[in-house]
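Subject: Structure handover and notes

Dear colleague,

I am passing on the structure we spoke about, together with the sequence, so that you have both in view while reading. My notes on what was found follow directly below.

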Amino acid sequence: MKMLKDVLKNIAIMILAIMMVGCNNKSAETQYAKNKEKIKIGAIQYVEHISLDNALKGFEDGLREEGLDVEIDKVNLQGDLALTTTMPKKYEGEEYFLVYAISTPVAQGVKQALPNKNIVFAAVTDPIKSGIVKSKDEIKNITGVTDAVSSKEQLVSFLEYFPDVKTIGTIYSTSESNSEVQIKELEESCKELGLSLKVVGINNINDIGQAISSMKDEIDAYYAITDNTVASSIPVISETLIKNKIPSLSAEEGQVEKGLLMSEGVNYYEHGKQAASLAVRLLKGEDITKISVEENKQKSKKINQETAKKLGVEIK
């Protein structure tokens, strides 16, 4: 009888230990929420350009506005795709509460590298087609905010200023799945509006100068998608466009600050703050599986008046 009791006691201890392991991460989250200790968060940015920079700044400010004592350990991959699955390993320790993944390539890599870590993403165009989530409501350990915008809506507004435009040009990186999604959507928009589309794919940043030069005599306007590789070289593109008196439209305002003409798209600072609001919900103890992927909530109209002046146009 005593032997049976000992066996049952050992089984009970083993079950309790397994349950404790399973709840360890959640307990840590509750402890952070209760004590408001300094919270360590990993943040990975794919490449340095104004839009992703703003998405990081907005995220940091959004957390601090909640009165949280946050330490963000930041890494910029400088566009090195191979690092998207290796660099996240530095954040797999328990001291990191979650990882903030900025851009589609980073979100894909972090998801693969850290299957047991909570992840919040931003600057991702289509998380479903990119394989990051199965659906916006079917969440395991990764959620976030999408930055998709309607190119058709933007083009309709753009054509009010430039009704004679017949052919749109765009450049995209063939290594970014988020860009391929946008190109397909742009093709459909142009078709519906009776516009021709000239598309040039590039392999790396060094191809951009040649790409814009090859299309400048064939297009009436340029549309910039939210492509990370291309966005980092917008000053090169805008210089060629201005020299050839070609107006431009961007899916987000950061590229307008760097020389393109106008945008009615994503404000990445506010986009980052929206991602921070999801992280705050996690910090307060909410289960990540209950936090659905959100669409970008705030768009803004921005015009580069200096570029407008050089083009000889007036836009308000």
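Counting contacts in the chain between residues at least 6 apart in sequence, 71% of them join residues that are at least 24 apart. Please keep in mind throughout that this is a predicted model, and that every value quoted here was computed from it. The chain contains eleven helices and twelve strands, and buried residues account for 51% of its 316 residues.

Let me begin with the sheet. Six strands make up an open sheet in the order 2-1-3-4-5-11, with parallel pairing, and its edge strands are strand 2 (70-76) and strand 11, each of which pairs on one side only. Moving through that order, strand 3 (residues 96-102) pairs with strand 4 in the parallel sense over four bridges, and within this pairing Tyr100 stands opposite Val120 in strand 4. Strand 4 (residues 119-124) in turn pairs with strand 5, again in the parallel sense and over four bridges, with Ile119 standing opposite Ile142 in strand 5. Strand 5 (residues 142-146) is mostly covered, since five of its five residues are buried. Strand 5 is also joined by two bridges to strand 11 (residues 294-295), the two running parallel, and here Thr146 stands opposite Glu295 in strand 11.

Next comes the nonpolar interior. In soluble globular proteins, nonpolar side chains tend to be buried together. In this model the largest nonpolar core has 75 residues, and those with the most contacts inside it are Phe59, Leu63, Tyr100 and Tyr223. Helix 10 (residues 268-283) gives the most to this core, contributing eight residues. Apart from that core lies another, of 16 residues, which includes Ile212, Ile219, Tyr222 and Leu241.

Tyr100, which appears both in the sheet pairing and among the residues with the most contacts inside the largest core, may be a useful residue to look at when you open the file. Not counting residues up to four places away in sequence, Tyr100 touches, among others, Ile41, Ile44, Leu56 and Phe59, as well as Val120, Phe121, Gly272 and Ala275.

Helix 4 (residues 151-161) offers another view of the packing: Ser151, Gln154, Leu155, Ser157, Phe158 and Leu159 are buried there. The buried residues of helix 4 pack against strand 6 (167-173), helix 5 (177-192), strand 8 (221-224), strand 9 (248-252) and strand 10 (262-266).

As for internal voids, how many cavities of 30 Å³ or more does the count give? The count comes to one, and the volume of this largest cavity is about 70 Å³. Its lining consists of 13 residues, of which Leu52, Asp147, Thr226, Asn228 and Tyr268 lie nearest the centre of the cavity. Helix 2 (50-64) and helix 7 (228-231) each supply at least two residues of that lining. By character, the lining of the largest cavity divides into four nonpolar, six polar and three charged residues.

Three single residues remain, and they are given here with the reasoning behind their labels. Thr240 has its place in helix 8 (residues 234-243), and because its relative accessibility is 15%, which is under the 20% cut-off, Thr240 counts as buried. Leaving aside neighbours within four places in sequence, Thr240 is in contact with Ile212 and Lys216, and Ile212 is also one of the residues of the 16-residue core.

The other two both have a positive phi in a residue other than glycine, and you may wish to view them side by side. Gln78 is found in the loop between strand 2 and strand 3, and its phi is near 50°. Its relative accessibility is 51%, over the 50% cut-off, and Gln78 therefore counts as exposed. Lys245 is found in the loop between helix 8 and strand 9, with a phi near 55°. Lys245 also counts as exposed, because its relative accessibility is 52% and the cut-off is 50%.

With best regards

Terms used
Residues are numbered from 1 along each chain as its sequence is written. This is a predicted model: local features need pLDDT of at least 70, side-chain atom pairs count only at pLDDT 80 or more; totals for chains, interfaces and linings use all residues. Side-chain values use heavy atoms; hydrogens and water are left out. A nonpolar core is a set of buried Ala, Val, Leu, Ile, Met, Phe, Trp, Tyr and Cys residues joined through side-chain atoms within 4.5 Å. Buried means under 20% relative accessible area, exposed over 50%, partly exposed in between (1.4 Å probe, protein chains only). Contact means heavy atoms within 4.5 Å. Two strands pair if DSSP finds at least two bridges between them. On a 1 Å grid over the protein atoms alone, a cavity is a set of points where a 1.4 Å probe fits but cannot get out, and a pocket is an open set with protein on both sides within 12 Å along at least five of seven lines; lining residues have an atom within 4 Å of a point. Grid points are joined across faces, edges and corners, and a volume is the space filled by probe spheres set on the points. Ala, Val, Leu, Ile, Met, Phe, Trp, Tyr, Cys and Pro count as nonpolar, Asp, Glu, Lys and Arg as charged, and the others, Gly among them, as polar.
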